[in-house]
Structures are given as structure tokens and as C-alpha cells.
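Work through the exercises below with the sequence and coordinates open. Try each task before reading its solution.

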Amino acid sequence: MAEETGQRPQGGSSGYQGSGGPRSSQGGRPGGGPGGGPGGPKRGKRNFIRKKKVCRFCVDKVDYIDYKKAEILGSFIQERGKILPRRMTGTCARHQRWLTVAIKRAQNIALLPFAAEL
Amino acid sequence: MEERLYDLIFICRPDTPEADVDKVISTIESVATEKGAKIEKTEKWGRKRMAYRVQRLREGYYVYMVVRSTQGEAVKELERRLKVADPVMKYLTIRTDEELKRQEKLKKHRERRAARRPRKTAAPAPPAAPPAGEPTAAAF
């Protein structure tokens, strides 16, 4: 239980989880299940645990985000071609900075779209 | 002057015969050597689908090269050549040496830290581990 209460503020600050993000499958609202342990839920408080998102590049210890790897970069853009914000993907500030540069380069050489074509 | 590394990518029209692509590559190479630059790598990625239409075409023949040069002029000339080359419909040059240097630096830094870490964490870890391990072992 101590773990859960410790986690809650962090999950809150990492904030809004949109639809369509690469991590949306594991986030969101696990319909009330795991939080409802004995002595757990306080009334009036929203009661769900958000899994803390971790920077995918930090996990893999990436030092350089290659603009040529369009498949990887493609998972960080929305369907319409927008770059996903950090709050959705959990990418750390440093890697997000590199990522945007890489995505923009890839766009320039038609590896990634600027905007979805209709 | 210090050496600089550049990535050079260009996209040819998908209907250009292989021979013409090779011709473009060879002219690039000759221009580069003429201007004191060196082609380190040439990769033909082949026909690929592009993310958006360029000159109303969906596909393009991608060629990727790595150029090492001390002269900025060389890159300028290469870009000019690509611009006037008929089969080329899109090109991009990117300077990469600074980012590669940064990558090296970070890698070295991590290795040094990894080499140092065992001594640091080895001491506090064993005392922490047994108390956590024993109760569970007793409980189950």
C-alpha cells in the first residue's frame, strides 16, 4: 500500500494521457481493480494507479537518435503527422529534444510525413 | 581546418534506370575528390515509398552517402550538382560530426561510470538484499 500512495503524486504530475499514444495501452484507467485493497481507497479521491512512463530511449541507453530509422521515429508521431508531446510518450527532455530534430530531418527527406495525405 | 562529416541523401525519380543512378553517384564522387572531399560510404537503399508525394510521385530511389570534407565549398558544390542533376528530385545534406562526437562522449562517459559503479554499489547492495530476501523466504 505504501508503494501505491507513493506513486500517486508522480502519476498525477506526468499528467494527461491521450488516446493514440504509443503507451496508451498500458496507461489509462485500469477499471478500479488493483487499487481497491483492504483499507485502500479513500472516498472522494479518484482511485486509479497510473503506471509511470519511462523514457524509451533512456531504457535502451540511446546516445544518438538516427533520423534514418523511420520506423522508430514513426511511433512518436500522431496519425496526422504531429510530433507526440513528452507527456504522452514519457520521453525525457533530452531525448525529446533529439527526437524532434531527428523527426524533422526525416520529414525533409520524405521518410516521414509532414501531414497526413488525404 | 578540421574535418567534417556529412550525410548526403538524394532521391532519384523511380523510373530512372540503374545506370543513370550510378552515373549520378560517380559524378558526385568525382566532384567530391576534385574538391578535396572523400566519400566514405555509399548505400543504395533502392526504391522506397515516400511519406508524401514529390513531383506527383509516390516512390523514389534513395541513395545515401557519407562525405568527409575539410572544405565547406565541396559540400556547396555537391549540393549544386544535385540540384541540376535531372534524375534527382530531392536531396538533403546534414552535418553529423558534432552529433557523432557527442555520441562518443556520452558512450565513454557511460563506460567510465559503469566501470566505477560496481565498487560503489557493491558495498551497500549486499546488506540491503538479505533482509529483503530472508523474510519472504521464511514466509513462503
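Two strands pair if DSSP finds at least two bridges between them; strands (E, at least two residues) and helices (H or I, at least four) are DSSP runs, numbered from the N terminus. The model is predicted: local features need pLDDT of at least 70, side-chain atom pairs count only at pLDDT 80 or more, and totals for chains, interfaces and linings use all residues. Residues are numbered from 1 along each chain as its sequence is written, with chains lettered from A and ligands numbered from 1 in the order in which they are written.

**Exercise 1.** Find how S1(B) pairs with S3(B) and S4(B).

*Solution.* Start with S3(B): S1(B) pairs with S3(B) in the antiparallel sense, over nine bridges. Leu8(B) has Met65(B) as its bridge partner there. Next, take S4(B): the sense is again antiparallel, over seven bridges. Here Ile11(B) is bridged to Lys90(B).

**Exercise 2.** Which element gives the largest share of the largest nonpolar core?

*Solution.* A nonpolar core joins buried Ala, Val, Leu, Ile, Met, Phe, Trp, Tyr and Cys residues through C-beta atoms within 7 Å. Buried means 20 or more other C-beta atoms within 10 Å of the residue's own, with C-beta atoms placed from the backbone. The largest core has 37 residues. Leu8(B), Ile11(B) and Ile103(A) are among those with the most contacts inside it. Helix H5 (93-108) of chain A gives two or more residues. S1(B) gives the largest share, six residues.

**Exercise 3.** Describe the side of chain B that touches chain A.

*Solution.* Contact means C-beta atoms, placed from the backbone, within 7 Å. Chain B supplies 15 residues and chain A twelve. H3(B) gives the most to chain B's side, five residues. That side divides into nine nonpolar, two polar and four charged residues.

Conventions:
Buried ≥ 20, exposed ≤ 12 C-beta atoms within 10 Å, placed from the backbone. Contact = placed C-beta atoms within 7 Å. Nonpolar A, V, L, I, M, F, W, Y, C, P; charged D, E, K, R; others polar.
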